[in-house]
Amino acid sequence: MDDNADSGASLRRDIPVPAAASEGVWGSDAIAAMLRAMQIPYVCVNPGASFRGLHDSLVNFLGNERPQMLLCLHEEHAVAIAHGYAKVTGKPLGAIVHSNVGVMHASMAIFNAWCDRLPVIVIGATGPVDATKRRPWIDWIHTARDQAALVRGFVKWDDQPASIGAAFESLLRAQQIAETAPMGPVYVCFDVTLQETRLAAMPSLPDLARHRPPPPAHAAPALIEEAVHWLRSAKRPLLLMGRVTRDIEAWQARVRLAELLNARVLTDLKVGAAFPTDHPLHVAPPGIFLSPQAAAAVKDADVVLSLDWVDLAGTLKQAWGADAVGARVIQVSTDQTLHNAFSMDHQALPPTDLYLFCTPEPAVADLVQAIEALPRVLAGTTVTAAHKRLRTAPDAVSADARISIAMVADALRLAVGDDDVCLIHLPLGWSGEMWDFRHPLDFIGSDGGGGIGAGPGLTVGAAIALKGGKRLPIAILGDGDFLMGASALWTAATSGVPFLAIVCNNRSFYNDEVHQERVAKERDRPVANKWIGQRIDNPAPDLAMMARAQGVEGIGPVTTAGALSAALADAVACLKGGKGVVVDVHVTPGYSASMAAGITRSHNGKT
Ligand SMILES: Cc1ncc(C[n+]2csc(CCOP(=O)(O)OP(=O)(O)O)c2C)c(N)n1
Ligand SMILES: [Mg+2]
């Protein structure tokens, strides 16, 4: 294959033999030309006859470039890879999935991207809508009257255009909607007959410049003025930094806002880094759930500014319980435009005293500008650094000691030294104080929808986006997550994409052991049985071998503290050498107290 591939900062690409000047133009040639005009660099595919026309056009009409196909071993990976790419760039890739069964496979990953509010252009296909054109049997099982119904609850928009003109418009609209905040996946389904119809000539493409997504909307000046007044007169303002972009200037503006207000800040591990976690105003390490320290900061606040914070109502409730929320709440979000009747991912309805219906970036810019124009008076209390700083040197442990996730973090920090890192993913046992974030790409957030198995695909997608840059793409995954999604790594191997995935392997779906423990205690049954139906052991899958089976390096299992540093140093050297590498590290099971309390909270809210 190497003779027939190119490589470099771009991905390794399979180069087709040139096609003779075509005698005809086909419907799918026009669709492919449109994808190129939309400047979609890659389409993640798992093949299927329902889009054999489009597949041919991508290879033989476009030469497998702009967009380049990235072959995936499962449709869930195709969408997860596009999702991971969007986590870094904010831009959508295409994910092309087969009729019916392909969409079914893709559905969890579409849900993850939806909950994460990130764009993916999912392209599907259907067997002939015209029943007289269907091949026996297979075209009938792979045609649906309304295929998008499978995913309509968690895409922003879907369509099944019936002509090439309509297909152009549909793709334009799909891109525009996907990239407009709150962003999200969209689904466009092409009838096989439309793809395989011969056209008299290539239709002219629409002018892309006239169909761009709108610029971010700003809140009305009067609302900004009111928010400034509340925030400046607050004694203990609190900023909740939620879903924000990876833009460094916007990051700096958030720091400026916090400093101008002398406001306390909280961030969240469910979403990407939003504020320097080692800043003195950042008052508690980020988590998936609120730590007692973070809940105390919420309870202490007199004005809360939510920058599209995920689950604002639940956060306020954790601090205030059944009492009315004692702080004035300013909500900055457009998220309600996505709230539909299918999914409850909108969370509970937060009390909101002032609603800025825009995204965090324009709101923060406007707030900073308005505050800077005023005389400098600090209303907030002086806040001191409240959470434990990073350990600069790992605690001494004996060489044969078992490994904790905190020790993995310490060893990784030593292995990467001064290099910039993008933490693409973190395991459930991670704790916020293990790593400080100082740049929006230091950490790009979680899977969005809690769909386990996304980690490897997100890793590949983010690593594609980071390829050629200085930042090292490093994911830290749970073993359950790795095992469900491991074959996503093959796409990185075949495309020449370097990455490092460290598996914190507790040989269990441990999250659910924590649940079984809680249930056993509540029912006075043996806690000792919590591992049954959870442990991934006997035999323990050989994760390093699974990595090697996909064509990437596999190191481990690393079972003792003494072997960890050398293994991670080797892995980082491998990564810097341009390879994909997986390190299997056997860790002791265990979650932080707030994580364990958060996941096992009972239906009446008790922990
Ligand atoms: C697709 C899917 N299936 C099942 C679950 C339920 N679930 C939540 S966490 C978890 C265990 C994940 O295992 P691992 O990645 O090893 O992390 P650990 O729990 O061991 O920390 C499971 C099965 C889920 N969230 N998603
Ligand atoms: Mg596990």
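C72 is a good place to start: with 0% relative accessibility, this cysteine counts as buried. Everything described here comes from a predicted model, so please read the values in that light.

## The cysteines

How many disulfides does a search of the whole structure find? The search finds 0. C72 is in no such bond, and the nearest cysteine sulfur, belonging to C44, is 4.8 Å away. A disulfide needs two cysteine sulfur atoms within 2.5 Å, so that distance is beyond the cut-off. C189 is also without a partner, because its sulfur is 18 Å from the closest cysteine sulfur, in C44, which is too far for a bond. At 1% relative accessibility, C189 counts as buried.

## Around ligand 1

Now let us turn to the first ligand. There are 16 residues around ligand 1, and G450, D479, G480, N511 and Y591 come nearest. By class, this shell holds 7 nonpolar, 6 polar and 3 charged residues. Which helices each supply at least two residues of the shell? They are helix 15, covering 479–485, and helix 17, covering 510–523. Helix 15 gives the most, with 4 residues.

The backbone takes part here as well. The table lists three pairs between a polar backbone atom and an atom of ligand 1.

| Residue (backbone atom) | Atom of ligand 1 | Distance |
|---|---|---|
| G450 | nitrogen | 2.8 Å |
| Y510 | oxygen | 3.0 Å |
| N511 | oxygen | 2.7 Å |

Taken alone, ligand 1 exposes 580 Å², and the protein buries 75% of that.

## The magnesium ion

Ligand 2 is a magnesium ion. Which protein atoms are its donors? They are OD of D479, OD1 of N506 and O of S508, lying 2.0 to 2.1 Å from the ion. Along the sequence, the donor residues follow the spacing D-x26-N-x1-S. The pair of D479 and S508 links distant parts of the chain, 29 residues apart: D479 is in helix 15, while S508 is in the loop between strand 18 (499–505) and helix 17. Both D479 and S508 are buried. D479 therefore appears in two settings, since this residue is among those nearest to ligand 1 and is also a donor of the magnesium ion.

## An arginine and its neighbours

R264 sits in strand 12, which covers residues 264–266. What does its side chain contact? The side chain of R264 makes a polar contact with the side chain of D300, at 3.0 Å. R264 and R236 are 28 residues apart in sequence, and their C-alpha atoms are 7.5 Å apart in space.

## Unusual backbone geometry

Most residues other than glycine have a negative phi, and most peptide bonds are trans. A few places in this model depart from that pattern.

The peptide bond from N538 to P539 is cis, with omega near 0°. P539 is found in the loop between helix 17 and helix 18 (543–549). Another cis bond runs from G556 to P557, with omega near 5°. P557 belongs to strand 19, residues 553–558.

Q39 is not a glycine, yet its phi is positive, at about 60°. Q39 lies in the loop between helix 1 (27–37) and strand 4 (42–45). W137 is likewise not a glycine and has a positive phi of about 55°. W137 lies in the loop between strand 7 (121–126) and helix 5 (138–141). Are these residues buried or exposed? Q39 counts as exposed at 67% relative accessibility, and W137 counts as exposed at 63%.

Technical notes:
Residues are numbered from 1 along each chain as its sequence is written. Chains are lettered from A and ligands numbered from 1 in the order in which they are written. This is a predicted model: local features need pLDDT of at least 70, side-chain atom pairs count only at pLDDT 80 or more; totals for chains, interfaces and linings use all residues. Side-chain values use heavy atoms; hydrogens and water are left out. A residue is near a molecule or strand if one of its heavy atoms lies within 4 Å of it. A polar contact is a pair of N or O atoms within 3.5 Å; within protein, one must be able to donate a hydrogen and the other to accept it, and residues adjacent in sequence count only if both atoms are side-chain atoms. Accessible areas come from the Shrake-Rupley method with a 1.4 Å probe; for residues, only the protein chains shown count as cover. Ala, Val, Leu, Ile, Met, Phe, Trp, Tyr, Cys and Pro count as nonpolar, Asp, Glu, Lys and Arg as charged, and the others, Gly among them, as polar. Donors are N, O and S atoms within 2.8 Å of the metal (3.2 Å for Na, K and Ca); water is not among the atoms, so sites may look incomplete. Buried means under 20% relative accessible area, exposed over 50%, partly exposed in between (1.4 Å probe, protein chains only).
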